[in-house]
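Here is a short briefing to keep beside you while you turn the structure around on screen. It starts with the chain as a whole, then moves to one helix and one pocket.

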Amino acid sequence: MRPEQQQRTFPDGFLWGTATSAHQVEGQNTNNQWWAWEQQGRVYQGDSSGDACGWWRDVAGDLDRAAALGQNAHRMSLEWSRIEPVEGQFDAVALARYRAILEHMHQRGITPMLTLHHFTNPLWLEAQGGWLHPATPQRFARYTEQVIAALGDCCQLWCTINEPSIYAGLSYAAGWWPPGRRQPRLALLVAGNMLRGHAAAATVIHRAGSQHQVGLVHNLHIYEPATLLPQDILTARLFDYTNNQAILNALTTGRLSPVFGLGQRTVPGLRDATDFFGLNYYTRSHVRFFSRSPTWILGHEFTPTDVEQSDMGADGKTYGEIYPAGLYQALERIYQQTGLPIYITETGLPDDDDDQRPRFLLRHLSAVHRALQRGIDVRGVFIWSLLDNFEWAHGWHLRFGLYAFDERTGERRLRPSGALYAIIARANALPALTRETGGF
Ligand code: FCB
């Protein structure tokens with residue numbers, strides 16, 4: 001058989017999963033800053049998370065669906081505001097509920113990966129200044145201690161914080177997320193403090209035993225200079241440095257670059273905090289030196305009109321290019337720089353009619369396979385998401401699910417891409433190369 005006619009297999013034990021986060025699926029998370037923001041009508045068309053996908057009430061059906069699709073892993077997050085509703089008071093009932101969810105997963109052969117912070121803060125923490133407050137990393141470590149004591153025997157894969165650069169950038173520079181600030185300097189302080197939180201939580205988790213693996217989840221966005229003009233190239237590099245590279249440097253050196261603000265640069269525990277790299281990869285944007293409407297310092301980001309875009313680009317404010325080569329580039333770069341095992345903790349696209357997602361999956365998973373062939377240590381993939389859920393500032397308007405979910409009726413419907421992902425997960429292999437998917 002010619003090589004291009006062969007199935008492309010993945011290593012034994014490769015994790016095939018989907019990812020969710022607490023606020024986006026649980027429902028009635030009334031005690032965090034996002035709920036408050038939603039009540040103020042700050043989300044697109046006044047949407048609110050409401051009952052979301054009802055996971056706090058009942059998760060069994062959706063976990064059955066994940067297992068039926070051959071998924072052997074699921075990444076989800078814990079809601080800090082449920083576990084510590086009042087500062088210093090921990091809710092045993094909430095922890096028991098999470099324990100029951102994890103047991104459901106184990107019963108179905110689903111390996112859990114738990115994220116401790118996925119964008120939401122308890123209201124009491126937000127009132128103190130959230131991740132701008134210098135004591136927040138220690139508060140995060142104290143919450144982590146309680147989580148590990150209660151759930152440490154049910155989970156070994158831990159993500160401390162989801163996407164510091166995105167949380168910080170959208171909440172403190174772009175102003176699209178609570179608390180709606182537009183001061184890039186603050187965003188960098190927040191990201192730096194989150195790296196301190198990562199180190200502090202990792203220290204707690206590692207103390208609980210060597211079976212635990214800790215990762216930070218970083219969104220690596222590709223910044224492409226719009227032209228070969230030196231000013232565009234430099235601006236793209238600046239964007240890349242502040243959003244991507246400064247965090248990579250911090251993880252490998254244990255030190256914070258001055259972009260994260262003044263203060264102690266060597267962060268205790270940071271150098272040894274990270275056992276695996278959690279890569280979230282979605283897209284790239286093009287960067288041009290200063291325009292009249294800068295979205296960030298000195299530059300303007302955009303998506304050229306002649307590229308294939310998901311539903312994401314439809315508002316003209318966000319970037320939706322479908323660019324699978326960027327996933328390969330990100331994997332290679334991270335592995336070269338960190339040498340860490342990598343989980344793709346999120347990749348996916350909003351595509352309501354599912355006319356792009358099947359091909360998206362084949363092309364992005366082809367990129368992963370190629371990375372594995374070149375010796376890059378990728379351990380698993382978590383597609384965002386199992387089912388449509390509450391998509392932050394976009395509310396219910398962007399549909400990322402392998403299952404379509406109707407938030408008015410609660411109905412779930414498998415999309416064709418979900419069936420395709422099941423075939424790949426069960427076979428632990430991609431179908432033979434085709435002209436469509438081979439060159440990703
Ligand atoms: C990522 C977030 C996740 C979801 C996807 C679409 O940045 O981590 O919660 O919103 O984007």
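Of the contacts in this predicted model between residues at least 6 apart in sequence, 74% join residues at least 24 apart. The chain holds 14 helices and 15 strands, and 60% of its 440 residues are buried.

**Overall dimensions**
- A compact globule of 440 residues would have a radius of gyration near 22 Å, and the chain agrees with that at 21 Å.
- Taken along the principal axes, the C-alpha atoms fill a box of roughly 60 × 55 × 45 Å.

**Helix α12**
- Helix α12 covers residues 357-373, and at 1.5 Å a residue its 17 residues should span 24 Å; the end C-alpha atoms are indeed 24 Å apart.
- Because 13 of its 17 residues are buried, α12 is largely enclosed by the rest of the structure.
- Just after α12 comes G375, with a positive phi of about 90°.

**The second largest pocket**
- If you like to look for empty space, the second largest pocket offers about 250 Å³ of it.
- Its lining has 14 residues, and those nearest the centre are Y223, P225, R237, D240 and R333.
- Two or more lining residues come from each of β7 (222-225), α10 (230-253) and α11 (325-338).
- The most generous contributor to this lining is α10, with five residues.
- By character, the lining residues of this pocket comprise seven nonpolar, three polar and four charged.

Technical notes
Residues are numbered from 1 along each chain as its sequence is written. This is a predicted model: local features need pLDDT of at least 70, side-chain atom pairs count only at pLDDT 80 or more; totals for chains, interfaces and linings use all residues. Side-chain values use heavy atoms; hydrogens and water are left out. On a 1 Å grid over the protein atoms alone, a cavity is a set of points where a 1.4 Å probe fits but cannot get out, and a pocket is an open set with protein on both sides within 12 Å along at least five of seven lines; lining residues have an atom within 4 Å of a point. Grid points are joined across faces, edges and corners, and a volume is the space filled by probe spheres set on the points. Helices (H or I, at least four residues) and strands (E, at least two) are DSSP runs, numbered from the N terminus. Ala, Val, Leu, Ile, Met, Phe, Trp, Tyr, Cys and Pro count as nonpolar, Asp, Glu, Lys and Arg as charged, and the others, Gly among them, as polar. The expected span of a helix is 1.5 Å times one less than its number of residues. Buried means under 20% relative accessible area, exposed over 50%, partly exposed in between (1.4 Å probe, protein chains only). The radius of gyration is taken over C-alpha atoms; the globule rule is 2.2 Å times the number of residues to the power 0.38. Contact means heavy atoms within 4.5 Å.
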